[in-house]
Amino acid sequence: MRNGLSRRKLLQITGLTAGGALLASACGQVATQETAAPEGPLAYANPQLLVETDWLAENLGNANLRIIDVRSPEDYAAGHVKNAINLHSRTFIDPDNEVGGIVLPPDKFAELVGAAGVGNDQEVVVYGVGNILWATRVFWALELYGHKNVKVLNGGFAKWADEGRETTTDVPSFPVATFTVEFDPFLLGTFEEVQAASEDSSGDTVILDNRSPGEYAGRDVRADRGGHIPSAINQDWVVYLKGTDARTFKSAEQLTELFNAAGITKDTTVYAHCQTAVRSSVAYFVARLLGYNNVQNYDGAWAEWGNREDTKINTGSNP
C-alpha cells in the first residue's frame, strides 16, 4: 500500500537545496485524465502517457507543448524534431551526490527545466535516441517533482527518423518558465525501504531488479560487489519492449503478464531498480501505463547497494 510522507525522503531530496520551492505532497500518484475502460490487448489504462509519432507530428504547432530531446548535444545538433529542446540526459544527474546517478535536487531541477521554458502548465513530451531508457527516466523525474502532464514518444527519435519525418537543426527559444516543485515522496524508493522489503516475507512487496541476468547473478560486476538484493526478482528491462533500435512498448496484455510473472499485482508495493535507476524507470513507466500505482523507483539502486559494506547480497539466477 502507498505510504505517507517519509521524513528521510524529504530530507534526502531537500538536503542540497537552498531556498528552493518545495511543496511536499503525500497525496499519492500524480493525477491522470480519466480514460475509457480499456479494450483489447493494446489498450493501456493510461494511454495518454505514451504518444505515437503521428500524434507528435500533428501537435508540433501547439504553443503550449514542450518537447524535450534527451540525446547528446552532438546528436541533437545533427537533426531533431521541430521545436524540441535539448536537455541531455546527464544534465538531470546530481554531480554532487556521492551515489552515482542520483536525480538533481528540486531547486536545481526546477532551474534546469524552467530555463528551458518548461513550467507546471506546459504539456511535455520526452524522447531519446530510440531505446526509451532516458526518456522514461526524465518522465519519472518530472512526475517525482510534480509535473502532471508528461508523455513519452514511443520509439523515440529513431522511429521518427525511420519514418522519414521532418527534422531540423534550428534551435528553438522559449520564455523562461517557473517550475514549482510538488515532490511526491512515494515515487522515490529509499535504501531503508528496500532493505525492509528484502526481509519482508508477507508477499505484499516485490523488489524488481531490471538489470541484465549477468548483473543479477553476479557475473557482470559494476560495483564493489556483484549479485542482487535478497528476494529481488530479475526482469531485464528489454522484456517490456519490442524492436532493437526504435523500441516500442508491448501490449497491455503482454505487459500485465510480465508483471504477473514477477508476482506483481495492482496491490503490490514494488521497488524497481537497476544500476542507476535508468533501466528501472522503464518498469515504472510500464506501471503507469497499466494503472499500477504502487511502483516506485529506487534511485540509489545498485550503485548504492552494491558499493556499501553493510548490505546483504545474493548471487545466482531467479528463484
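Trainee: In what order do the strands of the open sheet that holds S1 and S3 stand?

Mentor: This is a predicted model. In it, 5 strands form an open sheet, and their pairing is parallel. The order is S1-S5-S4-S2-S3.

Trainee: Which strands stand at the edges of that sheet?

Mentor: An edge strand has a single partner strand, so one side of it is left without a neighbour in the sheet. That applies to strand S1 (50-51) and to S3. The edge strands are S1 and S3.

Trainee: How many bridges join S2 to strand S4?

Mentor: S2 covers residues 65-69, and S4 covers residues 123-127. The two run parallel, with Val-124 in S4 as the bridge partner of Arg-66. The number of bridges between S2 and S4 is 5.

Trainee: What stands opposite Asp-69 in S3?

Mentor: S2 is joined to strand S3 (residues 84-86) by 3 bridges, and these strands run parallel. Within S3, Ile-85 is the bridge partner of Ile-68. Opposite Asp-69 stands Asn-86.

Trainee: How many residues of strand S2 are buried?

Mentor: Leu-65, Ile-67 and Asp-69 lie on one side of S2 and are buried. Arg-66 and Ile-68, on the other side, are buried too, and both faces are therefore covered, buried being under 20% relative accessible area. The count for S2 is 5 of its 5 residues.

Trainee: Which strands does H5 touch where it packs on the sheet of S1-S5-S4-S2-S3?

Mentor: Helix H5 spans residues 133-144. Its direction makes about 180° with that of S5. The strands that H5 touches are S2, S4 and S5.

Trainee: How far does H5 reach from its first C-alpha to its last?

Mentor: H5 has 12 residues, and the span expected at 1.5 Å a residue is 16 Å. The model comes close to that. The reach of H5 is 17 Å.

Trainee: How many of the residues of H5 are buried?

Mentor: The buried residues of H5 include Trp-134, Phe-139 and Trp-140. Arg-137 and Glu-143 are also among them. The count for H5 is 12 of its 12 residues.

Trainee: Which residue just after H5 takes a positive phi?

Mentor: H5 ends at residue 144. Just after the helix, a phi of about 105° occurs at a glycine. The residue is Gly-146.

Trainee: How many aromatic pairs are counted, and what is the centre-to-centre distance for Phe-109 and Tyr-145?

Mentor: The count comes to 10 aromatic pairs. Phe-109 and Tyr-145 form one that is tilted, with 55° between the planes. It links Phe-109 in helix H4 (residues 106-115) with Tyr-145 in the loop between H5 and strand S5 (150-153), 36 residues apart. The distance for this pair is 4.8 Å.

Trainee: What angle lies between the planes of Phe-259 and Tyr-292?

Mentor: The ring centres of Phe-259 and Tyr-292 are 5.5 Å apart, and the pair is edge-to-face. Phe-259 is in helix H9 (residues 252-261), while Tyr-292 is in the loop between helix H10 (280-290) and strand S12 (295-298). Both Phe-259 and Tyr-292 are buried. The angle is 65°.

Trainee: Which residues form one aromatic cluster with Phe-109 and Tyr-145?

Mentor: Phe-109 is buried, as is Tyr-145. Their cluster also holds two phenylalanines. These are Phe-92 and Phe-179.

Trainee: Over which ring does the charged end of Arg-71 sit?

Mentor: Arg-308 lies over the face of Phe-191, at 3.8 Å from the ring centre. For Arg-71, the charged end is 3.9 Å from the centre of its ring. That ring belongs to Phe-157.

Trainee: Which strands stand at the edges of the sheet S6-S12-S11-S7-S8?

Mentor: This open sheet has 5 strands with parallel pairing. Two of its strands each have a single partner, so one side of each is left without a neighbour. They are S6 (188-189) and S8 (233-234).

Trainee: What is the bridge partner of Val-270 in S12?

Mentor: Strand S11 (residues 269-273) pairs with S12 in the parallel sense. The pairing runs over 3 bridges. The partner of Val-270 is Val-295.

Trainee: Where is Ala-301 found?

Mentor: Ala-301 has a positive phi of about 55° although it is not a glycine. Its relative accessible area is 0%, so Ala-301 is buried. Ala-301 is found in helix H11 (residues 301-305).

Notes. Residues numbered from 1 in each chain as written. Predicted model: local features only at pLDDT ≥ 70, side-chain atom pairs only at ≥ 80, totals over all residues. Heavy atoms only, no water. Buried < 20%, exposed > 50% of the residue type's maximum accessible area, 1.4 Å probe, protein only. Helix = DSSP H or I, 4+ residues; strand = E, 2+ residues; numbered from the N terminus. Pairing = 2+ DSSP bridges. Expected span 1.5 Å × (residues − 1). Phe/Tyr/Trp six-rings, centres within 6.5 Å; stacked < 30°, edge-to-face > 60°. Lys NZ or Arg CZ within 6 Å of the ring centre and 35° of its normal. Contact = heavy atoms within 4.5 Å. Axes fitted to C-alpha atoms, helices over the stretch in contact; angles between N-to-C directions.
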